[in-house]
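User: I'd like to practise reading a model like this one, feature by feature. Could you give me the general idea each time, and then the case here?

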Amino acid sequence: MTTLAIRGGTVITAAEEVVADVLVDGEKVVALAAPGVLTLTADTELDATGRYVIPGGVDAHTHMEMPFGGTYASDTFETGTRAAAWGGTTTIIDFPIQQVGGSLREGLDAWHEKAAGNCAIDYAFHMILADVNDSSLKEMEALIGEGVTSFKLFMAYPGVFYSDDGRILRAMQRAGETGGLIMMHAENGIAIDVLAQQAVERGNTDPRHHFAVRHALLEAEATHRAIQLSRVAGSPLYVVHLSAHQALAEIASAREAGDNVFAETCPQYLFLSTDEVDEPGFEAAKYVCSTPLRPREHQAELWRGLRNDDLSVISTDHCPFCFKGQKDLGIGDFTKVPNGLPGVESRMDLLHQAVVDGHLTRRRWIELACATPARMFGLYPRKGTIAPGSDADIVIYDPTAEQTHSADTHHMAVDYSVYEGRTTTGRAETVLSRGTVVVGGGEYLGTKGHGSFLRRDTCQYLR
Ligand code: URP
Ligand code: ZN
Ligand code: ZN
């Protein structure tokens with residue numbers, strides 16, 4: 001095996017911060033020791049003096065090549081995982097889709113085909129249940145056995161991914177029996193579609209109306225309903241891409257009651273708001289995602305939820321569509337703008353900026369972006385920490401480097417950045433995936449196909 005040593009950096013995990021040397025043998029971390037204790041010379045020696053040494057990011061919510069609204073998310077597994085690596089993320093969990101009338105097996109196989117041999121970093125899968133029926137409910141157990149242990153349901157998008165309450169209840173019951181985790185897109189899609197139709201009929205066709213019709217109360221109502229259904233079914237619940245403070249209040253009260261209820265938010269809800277979409281015109285399409293951006297007043301509550309653990313994870317919901325040729329499918333009708341934003345490359349840096357700005361501590365940054373998503377989705381301690389036995393997914397992070405976010409310099413396959421022109425402090429300098437340097441010296445050094453499929457255990461938080 002080849003050995004690699006990272007010397008003199010501040011190793012930050014969710015549990016501690018310590019100046020230490022890290023020794024890697026092959027794909028695994030084998031030792032952490034006070035500087036000077038590991039006297040052997042490794043095959044590769046990396047100096048991390050003045051740098052942070054952090055676990056590679058775990059992004060638990062991405063959509064590479066996702067079909068949506070007559071087009072496909074513009075990042076492939078190849079381009080999207082490469083961009084993730086540039087940004088210090090070394091694991092993604094993506095979402096295969098069950099087609100209506102199709103099986104989970106067909107959906108999962110199709111995603112394995114898209115990803116296998118193409119990824120720069122390791123990847124795992126959740127499964128989207130778009131057609132809950134006797135047969136797909138039966139299949140859930142087999143998927144759990146294959147390491148696909150979480151299932152996303154939609155209370156939004158009627159006629160596409162939507163499940164009614166009866167289907168949701170049945171899927172939750174099955175998850176309760178089998179150890180699966182239900183992930184919920186919690187928005188009242190039936191009511192939203194009525195409001196959207198009314199808006200279009202009134203001639204309100206600009207994309208800024210997307211934000212008006214996806215009312216915060218309809219996110220809160222769906223979140224409340226999902227929690228009650230999960231209580232009745234006896235299953236855990238993980239609410240995805242939470243953006244409204246009223247929805248957060250529902251999560252907080254369920255957690256206070258001791259329920260196995262968890263939620264994630266995303267950088268776009270922390271760093272962007274409806275201020276970006278105030279102007280009439282089509283530019284607002286760049287920000288169209290669901291749940292939508294909210295007025296800036298929601299952000300203080302989200303930061304508070306992140307500090308007190310009512311929000312446990314920050315994922316990206318990376319689902320990019322180019323402005324030209326994809327978002328513009330919605331010119332003249334905002335309901336036809338494909339929903340989703342790019343973000344897989346910028347998450348670790350935006351969250352480091354949150355540390356700089358005083359919203360999060362350094363350890364909480366690592367907990368939210370690495371350790372908790374790994375635990376939530378059955379990957380810990382293989383991923384999400386730096387400890388003997390862990391995969392050597394490690395980032396040497398320069399906390400002083402300044403960068404200006406731009407479509408001209410990012411590596412995601414999308415023609416705009418939602419953070420265009422914004423400057424943040426901190427940047428991944430060297431990125432290791434299972435002991436291999438995939439980014440270093442300002443260059444991408446990885447290979448397509450280095451990334452492997454990860455079979456996950458079940459959620460490690462359930463009481
Ligand atoms: O707007 C979004 N979030 N697009 C991706 C699909 C989803 O609902 O997560
Ligand atoms: Zn969703
Ligand atoms: Zn999503």
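User: Where does Asp-317 lie?

Analyst: Helices (H or I, at least four residues) and strands (E, at least two) are DSSP runs, numbered from the N terminus. Asp-317 lies in the loop between β16 (313-314) and α11 (347-356). Before we go on: this is a predicted model, where local features need pLDDT of at least 70 and side-chain atom pairs count only at pLDDT 80 or more, while totals for chains, interfaces and linings use all residues. Residues are numbered from 1 along each chain as its sequence is written, chains are lettered from A and ligands numbered from 1 in the order in which they are written, and side-chain values use heavy atoms, with hydrogens and water left out.

User: What about backbone oddities?

Analyst: Most residues other than glycine have a negative phi, and most peptide bonds are trans. Asp-317 has a positive phi, near 55°. Ser-290 and Thr-291 are joined by a cis peptide bond, with omega about -5°, and Thr-291 is in the loop between α9 (267-271) and α10 (298-308). Tyr-380 and Pro-381 are also linked by a cis bond, omega about 5°; Pro-381 belongs to the loop between α12 (362-376) and β17 (394-404).

User: Which residues come nearest to ligand 1?

Analyst: A residue is near a molecule if one of its heavy atoms lies within 4 Å of it. Of the 13 around ligand 1, Lys-152, His-185, Ser-290, Asp-317 and Asn-339 come nearest.

User: And which polar contacts should I look at?

Analyst: Look for pairs of N or O atoms within 3.5 Å. A nitrogen of ligand 1 is 3.0 Å from a polar backbone atom of Asn-339, and a polar side-chain atom of His-63 lies 3.2 Å from a ligand 1 oxygen. The protein covers 100% of the 260 Å² of accessible area that ligand 1 has on its own (Shrake-Rupley method, 1.4 Å probe).

User: Which protein atoms are donors of the zinc ion (ligand 2)?

Analyst: Donors are N, O and S atoms within 2.8 Å of the metal (3.2 Å for Na, K and Ca); water is not among the atoms, so sites may look incomplete. Here they are Lys-152 (NZ), His-185 (ND1) and His-241 (NE2), 2.1 to 2.2 Å from the ion. Their spacing along the chain is K-x32-H-x55-H. His-185 lies in strand β13 (residues 181-185) and His-241 in the loop between β14 (237-239) and α8 (245-256), so this pair ties together parts 56 residues apart in sequence.

Key
A polar contact is a pair of N or O atoms within 3.5 Å; within protein, one must be able to donate a hydrogen and the other to accept it, and residues adjacent in sequence count only if both atoms are side-chain atoms.
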